[in-house]
Amino acid sequence: MVDGIPVDNSQLNSAGARDYANAISDINPEDIESISVLKGPNAAALYGSRAAAGVILIKTKTGKSKKGLGIDVNSNAVLETLLTLPVYQNAFGQGSEGKFSYVDGAGKGLNDGVDESWGPKMDGRLIPQFFSKGVAVPFVAHPDNVRDFFQTGYALNNGISVADAGERYDYRISYNNLKQVGIVPNSGQGKNSFVFNTSLKITPKLTLTANANYSKLSSDNLPGTGGSRSTSTMLQFTWFGRQVDINQLKNYLDENGKTFNWNNSYYSNPYWVAYENTVSQNRNRIIGSLALNYKIIDGLDFNFRSGTDYYNDRRKVRIAYGTNGTPFGSYTESAFTVNENNTDATLNFNKQLNDDFSFELLGGGNIRRQYIEQNDQSAPKLAIAGLYTLKNSRDPLISSNNLSRLKSYSVYASGQIGFRNYLFANITARNDWSSTLPAQNRSYFYPSFNGSFVATEAFDIKSEALNYLKIRGGWSKVGKDADPYRLINTYAFGAPFTGNPQLTTGSIDLKPDLKPETTTSTELGVEAVFFNKRLRFDLSAYNTNSYNQILAADVSQSTGFSSKLLNAGKINNKGIEAQLGITPIKKAFTWDVDINFAANRSRVIELDAEKFLTNYVVASNSAQVIATVGQPYGSLFGTAFLRDANGNIIVNATGAPATNPTKQVLGKYTPDWIGGVYNTFSYKGISLGVLVDASFGGSIYNGTYATGTYTGVLASTLPGRAAEYGGISYYYPGNDKANGTVRVNGAAPAGVTVYDDGIIFDGVTADGKRNEKILPAQQYYKTFRNIDEANIFDASYVKLREVKLSYNLPAKWLRPLSLQGVSVSLVGRNLWIIHRNTVDIDPEVAFNTGNGQGLESLSNPSTRSYGINLNVKF
């Protein structure tokens, strides 16, 4: 909620596999005055069913009575560098089974079409390579070849605002410009934003308030993500030959104008991908509202507000002619339009009835209209290289469009009665009518009850030891409607056949009698302040049940559908949240410590009343995120090692670990607890803030590790790859690999080739005997990619999240310059992963704002930033 208006924070879709900014980033941080959080379903009475999980309230800055000119100038510069990269091995280069020689990078040479690092030792031996034009040159490691691809990113953010206020008016006008260059070459974005906030007291009883926030986001290219060969940044680097010198690739066209790369079987040059396969984005957005407040009588106000969040988002995806895997290239244009209007009218009554009782009453209504449109057109193959228009297509254009409309009406009320300023009882009620539900279920009602008791007021406690004590509790219920068009099966138009469009059914069997989702919640809490505010404490415990959830459950495709929409599922969440504030020193030098802690336990109680469903798939990679009865929500589900009754891993006939034929629950992505500690040290005009936060428990599927282990590029694949790395010597009888491996004990038979990269997997045979079969290192490590359990890691971490040093210049220095204030800050963010249990990635990259969390797949490296900020008030 921005200034009382719901704003969209959608990711829309991820066409082009790019790192699109979420929509809320359109709000300029320098225009924000405060951010507050309303937790849980209790927020839903005023803000609707979308507030079932809580509300983020953002209040932008308004005009204040000026000192001086009322002009505020803010400027900051930030540098961004890599925080994490996979740890690579630098002993073995490109190839397979220890062999490699380059001819064309597409298979004509010895394993030169292989994009893995199971090749020869990088010990300087002479081998033809991709840049040497057939000449044998030293085969050596380039330890920083991936790191050197990335650059130092930066962001320049400059803004100015003018503000003032008088007896009958206030206003604030601001402009801000952002230029950001990413760590991936040829990536970045810019943003311009304008904000105007004002209020005018038209008459002593009538006040007009207006807010307008316009932003324009533009980017010529956004960094690629995920596993698309034509756009991904980290996909190629997780298969990258460790001998490749990245500097040899910067000129991605050879002297004949042809593409030039270390491997031509699978990939285009990474700089070609960065500079030629681009995705541009332009988003124009306005968030605005008009509000009237009329004071009818003393204590009774009428409020009217109408607000709109509108934006259009245009994207152009270019895949260049000649890209490996997409030889003819392609071109796609996507256009999104999002518009939501909310209109509210309320009556507010606030009255001190007598010395004992106070009374507050609010009643009102809301009309919400939402419109979302998406239009995509794609030229699947370009006719002419370098011309990116929809007409330049050798195949028929592929088009799609989606239109979504939603409308809802709401009435709501809230009442609170207070007794002697220490006992309060509050009741809320709301009823919604949503266009996305069938007529018989369109109306749904949700109430809440809350109470609080301020013990220090009730018992007139005047103590330096106990300054404040409050106990609170409440119960709430909230309903939630569906997405539009989830009731009636329709037919989609496809490519024409004999002059007429083909009509096809959707993949989901929709539900004409759909019901709203329901969540109930109970919460208890206590707030306390001790020792003249030197110790502050807030603790809450909650228990939440969600049921009648709207799920698309898998069904047999013989039905004509792949899934069926259901009202099903009951999930319980319970947990605690705590905040502790301590001021150990409070003199000229002040030290404040703020600690927060939260722990949640979830349990899937039921998926469907008929108990047909045992699992519900939320998201899939190699592993899956599922909801399964009796387990926490967000369980990771996938292939596992086959084990005996004692927990030993069973190996198959080759000595490789066997896979359990039944998939298993391998963990959960939700942490056991999260928390943080913020220390603030202040002396005169100097302030130092240090934030450390942590997340413990939970698991993630590490896709980077799974792939990098398979390809042999990671340092974790070094053990056993040669005698100096602990490898076991072995041979194949008669030099025939079909005969299996035999360990060298003493001298090997004459004429056989001896290898020293043998590894014995720590497991047992099916009859319980200790495994003694030797596997070549390449075969050993490749085994684990298809066993999800081997790639599940503890997601715990501790991070130095922020260090901020600020200095406010003394007023006596500023008076001769006619300045009202000057402050300088040095800020570092995401500086150090103090502890983590996963390898090769930042565990946070596996988490997002959706339900499909805990699945990491070739993610871009996380970054640290260092910045300086200057604020001058005239």
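**Exercise 1. Decide whether Arg534 is buried, partly exposed or exposed, and say where in the chain it lies.**

Solution. In this predicted model, the relative accessible area of Arg534 is 30%. The class called partly exposed lies between the limits of under 20% for buried and over 50% for exposed, and Arg534 therefore counts as partly exposed. As a next step, find its place in the chain: Arg534 belongs to the loop between β21 (517-530) and β22 (535-554). Finally, look at the surface around this residue, where Arg534 gathers with Lys533, Lys586 and Lys587 in a patch of positive charge.

**Exercise 2. Work out which strands stand at the edges of the open sheet with the order β36-β31-β39.**

Solution. Begin with the sheet itself, which is open, has 3 strands in the order β36-β31-β39, and shows mixed pairing. The strands β36 (792-794) and β39 (855-856) each have a single partner strand, so one side of each is left without a neighbour in the sheet, and these two stand at the edges. In general, strands of a sheet pair through backbone hydrogen bonds, in either a parallel or an antiparallel manner. Here, β31 (residues 699-702) and β36 run antiparallel and are joined by 3 bridges. To see one such contact, start from Ile700 and go across to β36, where its bridge partner is Phe793.

**Exercise 3. Describe the salt bridge between Glu340 and Arg368, and state whether the two residues are buried or exposed.**

Solution. The search of the whole structure finds 33 salt bridges. In the one between Glu340 and Arg368, the closest N and O atoms are 3.3 Å apart, which is within the 4 Å that a salt bridge requires. The pair links distant parts of the chain, since Glu340 sits in strand β12 (residues 330-352) and Arg368 in strand β13 (residues 357-379), 28 residues apart. As for their surroundings, both Glu340 and Arg368 are buried.

**Exercise 4. Examine the salt bridges Arg643 to Glu789 and Arg770 to Asp762, and classify the accessibility of each residue.**

Solution. Arg643 and Glu789 meet through their side chains at 2.6 Å, N to O. They lie 146 residues apart, with Arg643 in the loop between β27 (635-638) and β28 (664-668), and Glu789 in the loop between α6 (777-782) and β36. Arg643 has a relative accessible area of 37% and is partly exposed, and Glu789, at 22%, is also partly exposed. For the other pair, the side chains of Arg770 and Asp762 meet at 2.8 Å, N to O. Arg770 is partly exposed at 49%, whereas Asp762, at 60%, counts as exposed.

Note on methods. Residues numbered from 1 in each chain as written. Predicted model: local features only at pLDDT ≥ 70, side-chain atom pairs only at ≥ 80, totals over all residues. Heavy atoms only, no water. Patch = residues over 30% accessible without salt bridge, like charges linked within 9 Å, V, L, I, M, F, W, Y side chains within 5 Å. Areas by Shrake-Rupley, 256 points an atom, 1.4 Å probe, with all protein chains shown as cover. Lys, Arg positive; Asp, Glu negative; His and termini not counted. Charge placed at Lys NZ, Arg CZ, Asp CG, Glu CD. Helix = DSSP H or I, 4+ residues; strand = E, 2+ residues; numbered from the N terminus. Buried < 20%, exposed > 50% of the residue type's maximum accessible area, 1.4 Å probe, protein only. Pairing = 2+ DSSP bridges.
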